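Reader: I have the sequence and the coordinates open. Walk me through the fold in short steps.

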Amino acid sequence: LISNLLLFAALEQFVTPRVAEQESTFLKRQAEVRQLLRKRGGATNTPEQAYLMAVQDLSKFRQAIPDYKEFTGLIEDLLVLSNSARLNINRISYTSSQLKESELLKLELNFNVAGDYGQIKKFIHSLEQSTRLITIKQISLQGASDEGVNLRLKLETYFFTQERDT
């Protein structure tokens with residue numbers, strides 16, 4: 001009984017205050033990390049919240065990818081964007097590949113346009129602002145005669161190959 005009382009007294013006098021101090025330090029540091037993450041735009045969500053946000057983001061992404069029957073609409077959009085920049089696309093070549101274990105088709109489009117720097121800049125900007133999911137994979141500029149510029153573009157986009165439930 002005496003040894004239990006001595007052990008209890010030692011715990012209360014020495015160990016318990018040290019544990020409380022360590023716990024307080026841990027909580028302060030955890031709060032600092034959370035605050036730093038908030039300032040840097042990092043996530044401070046629980047795993048469940050992060051999962052729900054990922055599911056929502058994936059759903060939005062899937063909605064942004066059109067069906068393959070919209071391929072001609074993509075070509076039409078490219079022609080409209082080039083015409084609004086006063087450029088002409090004479091020929092577009094493309095390659096397609098089915099993504100493994102997915103119903104997505106990846107399309108790579110290649111084409112050239114020529115014009116002055118302002119027209120090229122306007123066209124690139126309109127591609128970047130397009131509502132379609134278009135990635136500029138490669139871009140090259142080459143000087144041409146009469147202060148013009150030749151632009152060679154390689155774009156990448158995706159389509160669903162199968163009908164989806166809406």
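**Helices, sheet and turns**

Reader: Which elements cover the buried residues of H3?

Author: The model is predicted. In H3, the buried residues are Phe-71, Gly-73, Leu-74, Leu-78, Leu-81 and Ser-82. Their cover includes strand E1 (92-98), strand E2 (104-115), helix H4 (117-128) and strand E4 (149-160).

Reader: What distance should helix H3 span?

Author: H3 holds 14 residues, 71-84. The expected rise is 1.5 Å a residue. The end C-alpha atoms lie 20 Å apart, which agrees with the expected span of 20 Å.

Reader: At what angle do the axes of H3 and H4 cross?

Author: The two axes come within 8 Å. Their crossing is right-handed. The angle is roughly 145 degrees.

Reader: Which residues of H3 and H4 make the contact, and how do they divide by class?

Author: H3 contributes Leu-78, Leu-81, Ser-82 and Ser-84. H4 contributes Lys-122, Phe-123, Ser-126 and Leu-127. By class, the residues of this contact are four nonpolar, three polar and one charged.

Reader: What is the order of the strands in the sheet, and which strands are at its edges?

Author: The sheet is open and has four strands, paired antiparallel. Their order is E1-E2-E4-E3. An edge strand pairs on one side only, and here the edge strands are E1 and E3 (135-143).

Reader: How many degrees does the twist average from one strand to the next, and what angle does H4 make with E4?

Author: From one strand to the next, the twist averages 15 degrees. H4 packs on this sheet and touches E2, E3 and E4. Its direction and that of E4 make an angle of about 10 degrees.

Reader: How many bridges join E1 to E2, and how many join E2 to E4?

Author: E1 and E2 pair in the antiparallel sense, and Tyr-94 stands opposite Leu-109 of E2. E2 and E4 also run antiparallel. In that pair, Glu-108 has Glu-156 as its bridge partner, and Leu-107 has Thr-157. The counts are seven bridges for E1 with E2 and twelve for E2 with E4.

Reader: Which residue in the turn of the E1-E2 hairpin has a positive phi?

Author: Most residues other than glycine have a negative phi. The hairpin turn has five residues between its strands. One residue there has a phi of about 55 degrees although it is not a glycine. That residue is Glu-101.

Reader: Is Glu-101 buried or exposed?

Author: Glu-101 lies in the loop between E1 and E2. Exposed means over 50% relative accessible area. Glu-101 has 86%, so it counts as exposed.

Reader: Is Arg-86, in the loop between H3 and E1, buried or exposed?

Author: Arg-86 follows H3. Its phi is positive, near 60 degrees, and it is not a glycine. The relative accessible area of Arg-86 is 62%, above the 50% cut-off, so this residue is exposed.

Reader: Is Tyr-158 buried, partly exposed or exposed?

Author: Tyr-158 sits in strand E4. Buried would need under 20% and exposed over 50%. At 23% relative accessibility, Tyr-158 is therefore partly exposed.

Reader: What is the C-alpha to C-alpha distance from Tyr-158 to Phe-71?

Author: Leaving out residues up to four places away in sequence, Tyr-158 touches Ile-65, Pro-66, Leu-99, Leu-105, Lys-106 and Leu-133. Phe-71 is 87 residues from Tyr-158 in sequence. In space, their C-alpha atoms are separated by 9.6 Å.

Conventions
Residues are numbered from 1 along each chain as its sequence is written. This is a predicted model: local features need pLDDT of at least 70, side-chain atom pairs count only at pLDDT 80 or more; totals for chains, interfaces and linings use all residues. Side-chain values use heavy atoms; hydrogens and water are left out. Helices (H or I, at least four residues) and strands (E, at least two) are DSSP runs, numbered from the N terminus. The expected span of a helix is 1.5 Å times one less than its number of residues. Buried means under 20% relative accessible area, exposed over 50%, partly exposed in between (1.4 Å probe, protein chains only). Contact means heavy atoms within 4.5 Å. Axes are lines fitted to C-alpha atoms, for helices over the stretch in contact, and angles run from 0 to 180 degrees between N-to-C directions. A crossing is left-handed if the near helix is turned anticlockwise from the far one by less than a right angle, and right-handed if clockwise. Ala, Val, Leu, Ile, Met, Phe, Trp, Tyr, Cys and Pro count as nonpolar, Asp, Glu, Lys and Arg as charged, and the others, Gly among them, as polar. Two strands pair if DSSP finds at least two bridges between them.
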